[in-house]
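Me: I would like a close look at one part of this model, the place where two helices pack against each other. Please describe that part in one connected answer, and then place a few single residues around it.

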Amino acid sequence: MHRLRRDNLFDEAFIRDLAAFVESLEREISDGTDVAWIADECNTAGGHHIRRLDHRAQALRCGAQALATLRDMIEEVLDAIKASDLIDDLL
């Protein structure tokens with residue numbers, strides 16, 4: 001953890017930038033997504049919705065999911081560093 005404290009590569013600003021980038025990817029994915037109603041006489045609701053992603057949206061979705069996971073993991077590490085610092089201050 002000591003090395004991570006000294007390393008300024010990942011900080012709150014990086015997380016905000018990464019979150020903004022993921023949000024822009026999600027908007028692009030939404031633009032490439034169609035929602036259609038599929039009628040089904042056996043379904044009690046009369047049918048169901050289906051989402052169809054074009055090739056670009058499908059590729060972006062994989063990247064957006066990976067980047068969102070990365071963002072969450074970095075947040076967890078930064079939280080652990082903050083918690084460790086608080087414990088050190090108390091001791």
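Reply: In this predicted model, the axes of helix H2 (residues 12-31) and helix H3 come within 9 Å and cross at roughly 160°. Two packed helices are described by just such a pair of values, the angle between their axes and the distance between the axes. An angle over 145 degrees counts as roughly antiparallel, and therefore H2 and H3 are roughly antiparallel to each other. The crossing in which H2 passes H3 is left-handed. Sorted by type, the residues of the contact of H2 with H3 are 16 nonpolar and seven charged, with no polar ones.

Single residues give some detail on each helix. Leu-70 belongs to helix H3, which covers residues 55-90. Leu-70 counts as partly exposed because its relative accessibility is 35%, which falls between the limits of 20% for buried and 50% for exposed. Along the chain, Leu-70 is 55 residues from Ile-15, yet the C-alpha atoms of the two are separated by 9.5 Å.

On the other helix, Glu-26 has its place in H2. Glu-26 is also partly exposed, because its relative accessible area is 44%. The C-alpha atom of Glu-26 is separated by 39 Å from that of Asp-88, and their positions lie 62 residues apart in the numbering of the chain.

Next comes a strand. Arg-51 lies in strand S2, which is made up of residues 47-53. Its relative accessible area is 58%, so Arg-51 is exposed. Exposed does not rule out contacts: with neighbours within four places in sequence left aside, Arg-51 is in contact with Thr-33, Asp-34 and Val-35. Gly-32 is 19 residues from Arg-51 in sequence, and the C-alpha atoms of this pair are 10 Å apart in space.

Last, the cysteines. A disulfide is a covalent bond between the sulfur atoms of two cysteines. How many disulfides does a search of the whole structure find? The search finds zero. As for single cysteines, Cys-42 counts as exposed because its relative accessibility is 68%. Cys-62 has a relative accessible area of 49% and is therefore partly exposed.

To return to the part you asked about, H2 and H3 are roughly antiparallel, and their contact holds 16 nonpolar and seven charged residues.

Note on methods. Residues numbered from 1 in each chain as written. Predicted model: local features only at pLDDT ≥ 70, side-chain atom pairs only at ≥ 80, totals over all residues. Heavy atoms only, no water. Disulfide = S-S within 2.5 Å. Buried < 20%, exposed > 50% of the residue type's maximum accessible area, 1.4 Å probe, protein only. Helix = DSSP H or I, 4+ residues; strand = E, 2+ residues; numbered from the N terminus. Contact = heavy atoms within 4.5 Å. Axes fitted to C-alpha atoms, helices over the stretch in contact; angles between N-to-C directions. Parallel < 35°, antiparallel > 145°, perpendicular 65-115°, else oblique. Left-handed = near helix turned anticlockwise from the far one by under 90°. Nonpolar A, V, L, I, M, F, W, Y, C, P; charged D, E, K, R; others polar.
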